[in-house]
Amino acid sequence: MGLRSLARRYLPSELKASLRAWPARVSRWALPLFARWRWSSSLYYGLFSRAFTREHFGVIQGRRAYWRSLNQDQQSYALLRRNTHRLEKGLIMRPRRAVFAEAYIEETVQMFLRAQQSKVIAAAELNWAHDVLHEYFTVVQDTPVITKARELWTTRTTAESTNSGAVPYRRADAPALSVNPDDLEQLFRRRRSVRWYLPDPVPAELLTRAVNMATLAPSACNRQPYSFYVINDAARAAKVASFAGGTVGFAEQIPALIVVVGDLSAYPLERDRHCIYIDGALAAMQLMLAAETLGLATCPINWPDIEQRERAMQRELQLEPYQRPIMLMAVGYADPEGGVAYSAKKDDRVLMRQ
């Protein structure tokens, strides 16, 4: 019998409770000392808490996966997306420089050529990169660096590559807007977290359309470092929803569930690790509004960074270490008789700063 088993069996309950509380007491006592400097804060979490170990592991695994992915067949290449967007920003600069992107143009062409060999890359991504690179070489002036990249571009791109029009355009040519501010505010007011649903199944085509509408959300360098894990089965949706906190009492009647998962392999450096949460949240908000216009109700569910729950989600969705759940989202047809929290919101007097 192990030491812990002996302690559980023979020690008085008061002593056992005191021993369990001892690590928390020590860590609270140490807070004022270790919180004084950055280096001591890192030491504190090394000595007293493992709260950030999953994030550390995910970030370093993501960096490793990023560099590996550049030479593998991928549906999407984060480096190609980032550099293509950087070229777009150079193309729309006012005034536009005669020479720009020297620091990364050869890398971008090489990445495009690698992506062109992929058997699984999304056609929209490849067409976009091709068209932007073509536009770039049409307008940029030559330097030794750009001439080298241009020669690589003209000699190595496939003959069947044609322009699809995926290049920067004038704001005046943007789609016409048919929504006025009052209608938009009404949509915002209608969209509330709904926790009670009808048992009706959710059509897969509506979920697909909502996801495609959500992907139009802005994203840092257009990398879109997230995926939507769609669970359109009530029994499994209830199981996965139970992994999160705050779902007791209503998880069992959720018709469909979407897990928004961030992908840290989109970044080579630690500095961008928070982008998965920013970009994922932007897309999630757009997804909820899209669902509302399609007649569906939603409820975003907070995902706590608790190791036991993280492991359960990782097993269920077969996530890589560099994939981090951002939030869950219940989706379904709202029960007309179900209650909705009023949830008074802060206004400009509280939130705006001059």
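Here are some informal notes on the pockets, the strands and the cysteines of this predicted model.

1. Starting with the open space: the largest pocket holds about 910 Å³. Its lining runs to 31 residues, and those nearest the centre are Gln74, Ser76, Gln224, Ser227 and Asp263. If you want to find the spot in your viewer, those five residues are the ones to pick.

2. Which elements supply at least two residues each to the lining of that pocket? They are α4 (53-69), α5 (78-91) and β1 (226-231). Of the elements that contribute, α4 gives the most, with 6 residues.

3. On the chemistry of the largest pocket, the lining is a mix: 13 residues are nonpolar, 11 are polar and 7 are charged. The five residues nearest the centre include Asp263, and by numbering Asp263 belongs to strand β2, which covers residues 256-263.

4. The second largest pocket has about 500 Å³ of space. It is lined by 14 residues, with Pro168, Tyr169, Arg171, Ala174 and Pro175 closest to its centre. Helix α5 turns up again here: it provides the largest share of this lining, 3 residues. So much for position; as for composition, the lining of the second largest pocket has 10 nonpolar residues, 1 polar and 3 charged.

5. How many cavities of 30 Å³ or more does the structure hold? There is 1, and the volume of the largest cavity is about 30 Å³. Around it sit Val59, Arg63, Leu264, Tyr267, Leu269, Glu270, Asp272 and Arg273. That lining splits into 4 nonpolar and 4 charged residues, with no polar ones. Val59 and Arg63 are in the lining of this cavity, and their numbers fall inside α4 (53-69).

6. Now the strands. Is β4 (residues 323-332) mostly covered or mostly open? Mostly covered: 10 of its 10 residues are buried. Strand β4 pairs with β2 in the antiparallel sense, over 8 bridges, and β3 (residues 297-302) also pairs with β4 in the antiparallel sense, over 6 bridges.

7. A handy residue for looking at this pairing is Met327 of β4. Met327 is the bridge partner of Val260, and Asn302 stands opposite Met327 as well. Centre the view on Met327 and you can look for Val260 and then for Asn302.

8. Helix α11 (residues 234-241) has four buried residues to check: Ala237, Ala238, Val240 and Ala241. What do they pack against? The contacts are with β1, β2, α13 (307-317) and β4. Two of these partners, β2 and β4, are the strands joined by 8 antiparallel bridges, while β1 is among the elements that line the largest pocket.

9. Last, the cysteines. A search of the whole structure turns up 0 disulfides. Cys221 is in none, and the nearest cysteine sulfur, on Cys275, is 8.3 Å away. Seen from the other end, Cys275 is in no disulfide either, with the sulfur of Cys221 as its nearest at 8.3 Å. The cut-off used for a disulfide is 2.5 Å between the sulfur atoms, so a pair at 8.3 Å does not count.

10. Are those two cysteines buried or exposed? Cys221 is buried because its relative accessible area is 16%, under the 20% cut-off. Cys275 is buried too, at 13%.

Note on methods:
Residues are numbered from 1 along each chain as its sequence is written. This is a predicted model: local features need pLDDT of at least 70, side-chain atom pairs count only at pLDDT 80 or more; totals for chains, interfaces and linings use all residues. Side-chain values use heavy atoms; hydrogens and water are left out. On a 1 Å grid over the protein atoms alone, a cavity is a set of points where a 1.4 Å probe fits but cannot get out, and a pocket is an open set with protein on both sides within 12 Å along at least five of seven lines; lining residues have an atom within 4 Å of a point. Grid points are joined across faces, edges and corners, and a volume is the space filled by probe spheres set on the points. Ala, Val, Leu, Ile, Met, Phe, Trp, Tyr, Cys and Pro count as nonpolar, Asp, Glu, Lys and Arg as charged, and the others, Gly among them, as polar. Buried means under 20% relative accessible area, exposed over 50%, partly exposed in between (1.4 Å probe, protein chains only). Two strands pair if DSSP finds at least two bridges between them. Contact means heavy atoms within 4.5 Å.
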